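Please open the model in your viewer and keep the selection panel at hand. The stops below say what to select next and what is to be found there.

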Amino acid sequence: MRAGEAGVEARRSASVAAGRLPDPTLNLGLDNFPVSGPPAYSFTRESMTMARVGVEQPFPNPAKRSAQRTRAQADIGIAEGDLAIETQNVRLETALAWIDLYYAKRRLAQLQRLDESLGDLQATVSARLAAGSARPAAALEPEQLRAAVSDRRSELAADVARAKARLARFTGDVEADVAGDPPMIEVNKAGLVAGLPLLPRLVALDAGIRGAEADSALARADKRPDWRVSANYGRRDPAFGDMVSVGVSIDLPLFAQKRQDPKIAARASEETQARLLRAAGERELLAALDGDLADHAMHMQRLANARNVLVPLAKRRAELDMASFAAGKLDLGSALLSSLALAEAEVDALSREADVARDAIRINFTYGEMRP
């Protein structure tokens, strides 16, 4: 973002010189110096020999200077648009990294609770073994499940590490971490659609149109002649008089059909291209918004299904299987698998909740005016 700000400042500094008169030119010379005949190589024997000093000032036509100023302002707008896009991306990625870290830590904590409950179950199995009411192989089943849980916990710990690294990247804080709960973010489609023209990407494309218009004006201005004013002072031998010369030079765009007109046509095509890209960009954003809203609706339905159906069913099954195990009607392995299925259902519900949160953040940060 700071690099983008430097780019904007560079364009602003360059705009100060846009449309200004070119620097004058200093001319120094020796005129009419003889190289043959009786006065050859003499500075005083030829009356027209003189040392000359002069200055020339170009005057580009006003239309060209105006177009240069417009182009400079368009360059500033393009740089500002690029900075706004980069700022939007950084804020979005930072928010998504925060969400990923928050839910990765919650999923890891959820699995940790299952691991702790297995320790209590191990004590129960040991007591049954001592009483002779359980088969010896049952002592291995909790450990087998804990090993499976350990593998899953390693995966979730890696998710935490990756999310933390991303958050550190975008914040510049190597100790970056999450605190508190994620914000409750609503998605308002009507408001998002109404605000689309103000999005950084479209603002940058608008600036591109202004730049193309300025280039077209600059090409048309080349058909108008520039002119230059010059003044020279010639110093001769004291025996002769000094001389002063003044003059005006005017460009003659006599071959516009093969010089200026092709450039004008090219710039006009580029202007048309910029306008079409702007229209295509808006259509693309609208289509992307509709697609993201559809994904968000789908993820919300999946989250509701997990909360209202899948997790309650997995919890009820785990409770029933553990009760059957306690009553001696079910083997320990089957009961443990139900407990693992419950933990996975709860972890999956957290993943679905994370998807909903990521959708809401992506939609509002991409198509709206959300700020972290």
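**Loop, sheet, patch and core**

Begin by selecting Y41, which is exposed, with a relative accessible area of 60%. As you look, bear in mind that this is a predicted model. Y41 sits in the loop between β1 and β2, and although Y41 is not a glycine, its phi is positive, at about 60 degrees. Now add N32, which belongs to the loop between β1 and β2 and has a phi near 60 degrees, a positive value in a residue other than glycine. N32 counts as partly exposed, because its relative accessibility is 44% and the partly exposed class lies between the limits of 20% and 50%.

Next, colour the strands: four of them form an open sheet in the order β1-β2-β3-β4, with antiparallel pairing. At the edges you will find β1 (25–31) and β4, each of which pairs on one side only, and from one strand to the next the twist averages 20 degrees. To examine one of the pairings, select β2 (residues 50–59) together with β3; these two strands run antiparallel and are joined by 10 bridges. One place to zoom in is M50, whose bridge partner in β3 is R236.

Then switch on the surface and select W227, V229, V248, I250, L252, L254 and F255, which make a nonpolar surface patch of about 750 Å². The elements that contribute two or more residues to this patch are β3 (227–236) and β4 (243–250). Which loop holds L252? L252 lies in the loop between β4 and α6 (260–326), and L252 is classed as exposed because its relative accessible area is 62%, where the class requires over 50%.

From there, move to helix α6 and pick A266, a residue that is partly exposed, with a relative accessible area of 30%. If you draw a distance from A266 to A148, C-alpha to C-alpha, the two prove to be 66 Å apart in space, while they are 118 residues apart in sequence.

Finally, hide the surface and turn to the largest nonpolar core, which has 21 residues, and in which W98, I99, L101, Y103, L167 and I361 touch the most other members. Two or more residues of this core come from each of α2 (62–131), α3 (141–171) and α7 (332–367). Which element gives the largest share of this core? That element is α2, with 10 residues.

Key
Residues are numbered from 1 along each chain as its sequence is written. This is a predicted model: local features need pLDDT of at least 70, side-chain atom pairs count only at pLDDT 80 or more; totals for chains, interfaces and linings use all residues. Side-chain values use heavy atoms; hydrogens and water are left out. Patches are made of residues with over 30% relative accessible area and no salt bridge: like charges are joined within 9 Å, nonpolar side chains (Val, Leu, Ile, Met, Phe, Trp, Tyr) within 5 Å. Accessible areas come from the Shrake-Rupley method with a 1.4 Å probe; for residues, only the protein chains shown count as cover. A salt bridge is a side-chain nitrogen of Lys or Arg within 4 Å of a carboxyl oxygen of Asp or Glu. Helices (H or I, at least four residues) and strands (E, at least two) are DSSP runs, numbered from the N terminus. Buried means under 20% relative accessible area, exposed over 50%, partly exposed in between (1.4 Å probe, protein chains only). Two strands pair if DSSP finds at least two bridges between them. Axes are lines fitted to C-alpha atoms, for helices over the stretch in contact, and angles run from 0 to 180 degrees between N-to-C directions. A nonpolar core is a set of buried Ala, Val, Leu, Ile, Met, Phe, Trp, Tyr and Cys residues joined through side-chain atoms within 4.5 Å.
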